[in-house]
Amino acid sequence: MVSSLPPNAAQPQEPDRSFESPRHIVLTSHPSTVSQSILPIHWGAEDPTVRGPVVATVSDPAHRNVIGTHSGSYAVYRALAVASGDLQRDHRPDLTNTAPTIQIGPYPSWFEADKIVSLDPFGAQVGQLYSALYEQGFDIRPTIAVTKAHIQMPELQEAVQKGLLVEDGKIMKPGGELVVTKAAIEPVWYLPGIAARLGVAEAELRYILFEQTGGMFPELVTRPDLQVFLPPIGGMTVYIIGDIAAVADPSRPLAVRVHDECNGSDVFGSDICTCRPYLVHGIAACLETAQAGGAGVIVYLRKEGRALGEVTKFLVYNARKRQTGGDRADAYFARTECVAGVSDVRFQELMPDALHWLGITRIDKLISMSNLKYEAITQSGIEVVERVPLPDDLIPGDARVEIEAKKAAGYFSHSDQPDAATLSQVKGRDYQV
Ligand SMILES: [Zn+2]
C-alpha cells in the first residue's frame, strides 16, 4: 500500500523513551504493597486525633490513607506542572498564616458518622489539630479554607438605589458592598456513608466508581481497608452573611440558598434559565435576614448542568430549540433525558452535608423551589420553616420554559401548577438560523 502521508508531512519519529527512567512505580492494584505506616481514619470520631487526619498527598505514598488526592480535578493540572518541571513533586505547602479567619464548629453533627459523609468536618483546621504529625513528617493538607471577602453585584447595588435593600454600614457597606465569610470545600467521601446515603452496597459503589472513571482508581476495588475517597470532581463554596454565631443558633433567623453552578447564567447572564436571578434573590434574602439579627448562607456547588456538565447542557439547548414545535416547556426534561439518558445527576442526598458542617438545625427561609433539595434537607434532620420561590418579575425572558416545566414537575411555587394544555403553550425563543 502506498503511504498516505503528504509530501511535506513530518517523518515518523523514534518513540520517546525518556519515560523509561529507572523510577520505581508502585501500582495501586497490588495491595501486597500496603504500608504499615498509615494513620487509621475512624470517621465520625469526636476526638480529631482518634478520627485521624486525611493524608491524600502523593509526596509520600507510604503515608497515604485515602484513595485519590487533593484539589479534585485540578490534580491533573498539578501533574502537568510537575511534568513540565514547574513544580517539585515533593513540594510541601508552607501553611503559615493560612488558618481560618473564623472558627466553624465543632458541632454535634460532626460526630455522627452518617450525618456528614462527603466532606471532612476537620478539613479547615488540620494545620492546628495535627501539628505534631506534621513535625513527624506527615504531609497533611487542609481540604477546607475559610477566608473573608467583600462582594459587589450590580443587582444588589441597583436594589439599594431602588430602596429595596438597605446599607447598614457593617454587613452592607456604602456602595452596596457586601461583607462575607467564605469557605472553599473539597470533596472528601466516606465511602460506606456515601453508599448508605444512596442505598447501594459499598462494594457495588466502589466497583462502579472504578469502572466509570476508566479504571482511574484501582484502590477502589483492591483496598477495601481504605474507606475515604477524594473524588476528581469540583467542590463547593459557602458564603456566610452576617453573624456566624447565628448560623447554628435555631433561635435566630437563618436564610439559606443551595445553588448549583450555572456558568452561563451565573457569570455570563444567559437568559435561558433563572440561575443568576435566583442566586441574587438568595443573597438579598441572606442580607435581609442578617440585618434582622440572623444570618444567611449561600452554598455554591460545582454541579454544572445538573452535574451532567456544560457540553451536555449546550447539546440539550440545541435539541430543545430545534425540536418540532420549538423550545417547549412540556418537552423540557425529555430533551435532557434524550441526550444524557437521565435528567439530573446532582444527587441532592449529599448536599445537606455542608449545612451540617455549619451546625444548621433550622432554616427559616429556604430560597429554593426544588423539591429534591427540600426533601434532602428536611430528611437529614434540618427543619425548614418557609420555602421562598423566585418572584415572577425576576424570571428572564427565555426562562419561562424552564420555570413552567419545573412547576409542572412539582417544584414549589405560590402559583398554580400548569396543566398539560397550558404547558404545551409555553414556548421559548426560536433559533434565528
Ligand atoms: Zn442556569
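## Quick briefing: cysteines, Thr 237 and a helix pair

There are zero disulfides in this structure. Keep in mind that what you're looking at is a predicted model. Below are some notes on two cysteines, on Thr 237 in strand 7, and on how helix 6 packs against helix 7.

**Cysteines**
- Cys 262 has a relative accessibility of 2%, so it falls under the 20% cut-off and counts as buried.
- Cys 273 comes in at 5% relative accessibility, and that makes it buried too.

**Thr 237**
- You'll find Thr 237 in strand 7, which runs over residues 236-242.
- Is Thr 237 buried or exposed? Its relative accessible area is 11%, so Thr 237 is buried.
- The side chain of Thr 237 makes a polar contact of 2.9 Å with the side chain of Arg 302.
- Leaving aside residues up to four places away in sequence, Thr 237 touches Ala 183 and Ala 184, plus Ile 298, Val 299, Tyr 300 and Arg 302.

**Helix 6 and helix 7**
- Helix 6 covers residues 191-198 and helix 7 covers residues 202-212; their axes sit 9 Å apart, at an angle of about 100°.
- That angle lies in the 65 to 115 degree range, so the two helices are roughly perpendicular to each other.
- On the helix 6 side, the residues in this contact are Leu 191, Pro 192, Ile 194 and Ala 195. They meet Glu 202, Leu 205, Arg 206 and Leu 209 of helix 7.
- Sorted by class, the contact between helix 6 and helix 7 has six nonpolar residues, two charged ones and no polar ones.

How values were computed. Residues numbered from 1 in each chain as written. Predicted model: local features only at pLDDT ≥ 70, side-chain atom pairs only at ≥ 80, totals over all residues. Heavy atoms only, no water. Helix = DSSP H or I, 4+ residues; strand = E, 2+ residues; numbered from the N terminus. Buried < 20%, exposed > 50% of the residue type's maximum accessible area, 1.4 Å probe, protein only. Polar contact = N/O pair within 3.5 Å; in protein donor to acceptor, adjacent residues only side chain to side chain. Contact = heavy atoms within 4.5 Å. Disulfide = S-S within 2.5 Å. Axes fitted to C-alpha atoms, helices over the stretch in contact; angles between N-to-C directions. Parallel < 35°, antiparallel > 145°, perpendicular 65-115°, else oblique. Nonpolar A, V, L, I, M, F, W, Y, C, P; charged D, E, K, R; others polar.
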